[in-house]
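Biologist: Could you pull up the model we talked about, so that we can go through it together?
Modeller: Here it is.

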Amino acid sequence: MVSKEFRQQIEGYGLTTAHILYRIPDHPGVLQTFVWQEYDLAPRFPVLTGFLEFWKRELDGPLHSVRVAHSRLIKPAEFRAVNGVLTLH
């Protein structure tokens, strides 16, 4: 059985990391950091957008900034179907 993450990579998803800075509700002058990582589609980032909408709607700490890094782990040139068997002794 193929893992969900591998299937997403074949469909074009890549590993997305967001470094989120937010303000602590009781001390608005203090910034806290949160690192979020999930497979997502660039450049629209629907999974990250959904997470940030949840954050704004449900959590008290207002967002200060979000820095995003994205990398497709499997690229078309690196993945190809092979028809055959390789036997090692």
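Biologist: Among contacts between residues at least 6 apart in sequence, what share joins residues at least 24 apart?
Modeller: In this chain that share is 58%, and please keep in mind as we go on that the model is a predicted one.

Biologist: What order do the elements come in?
Modeller: Starting at the N terminus, the order is α-β-β-α-β, which gives two helices and three strands in the chain.

Biologist: How do β1 and β2 pair?
Modeller: They run in the antiparallel sense, with 11 bridges between β1 and β2 (residues 27-40), and the two strands form a hairpin that leaves two residues between them. As for one position in this pairing, T17 stands opposite Q37 in β2.

Biologist: Which residues make up the largest nonpolar core?
Modeller: That core has nine residues, namely A18, I20, Y22, W36, F45, L48, F51, L52 and W55. Both β1 (14-24) and α2 (46-58) supply at least two residues of it, and the largest share, four residues, comes from α2.

Biologist: And what does W55 touch, leaving aside neighbours within four places in sequence?
Modeller: With those neighbours left out, W55 is in contact with I20, Y22, F34, G61 and L63; of these partners, I20 and Y22 also belong to the nonpolar core just described.

Biologist: Switching to the helix at the start, is Q8 buried or exposed?
Modeller: Q8, which lies in helix α1, counts as buried because its relative accessible area is 14%, and the cut-off for buried is under 20%. Beyond its neighbours within four places in sequence, Q8 is in contact with Y13 and Y39. In addition, the C-alpha atoms of Q8 and L41 are 9.3 Å apart, although 33 residues separate the two in sequence.

Biologist: Then why does F6 count as partly exposed?
Modeller: F6 is also in helix α1, which covers residues 4-10, but its relative accessibility is 34%, so F6 falls into the partly exposed class, between the limits of 20% and 50%. Together with V2 and I10, F6 forms a nonpolar patch on the surface, and the accessible area of the three is about 230 Å².

Biologist: How much does the chain expose overall?
Modeller: The figure is about 7100 Å², of which carbon and sulfur atoms supply 56%, while 21% of the 89 residues of the chain count as buried.

Technical notes:
Residues numbered from 1 in each chain as written. Predicted model: local features only at pLDDT ≥ 70, side-chain atom pairs only at ≥ 80, totals over all residues. Heavy atoms only, no water. Patch = residues over 30% accessible without salt bridge, like charges linked within 9 Å, V, L, I, M, F, W, Y side chains within 5 Å. Areas by Shrake-Rupley, 256 points an atom, 1.4 Å probe, with all protein chains shown as cover. Salt bridge = Lys/Arg side-chain N within 4 Å of Asp/Glu carboxyl O. Buried < 20%, exposed > 50% of the residue type's maximum accessible area, 1.4 Å probe, protein only. Core = buried A, V, L, I, M, F, W, Y, C linked by side-chain atoms within 4.5 Å. Contact = heavy atoms within 4.5 Å. Pairing = 2+ DSSP bridges.
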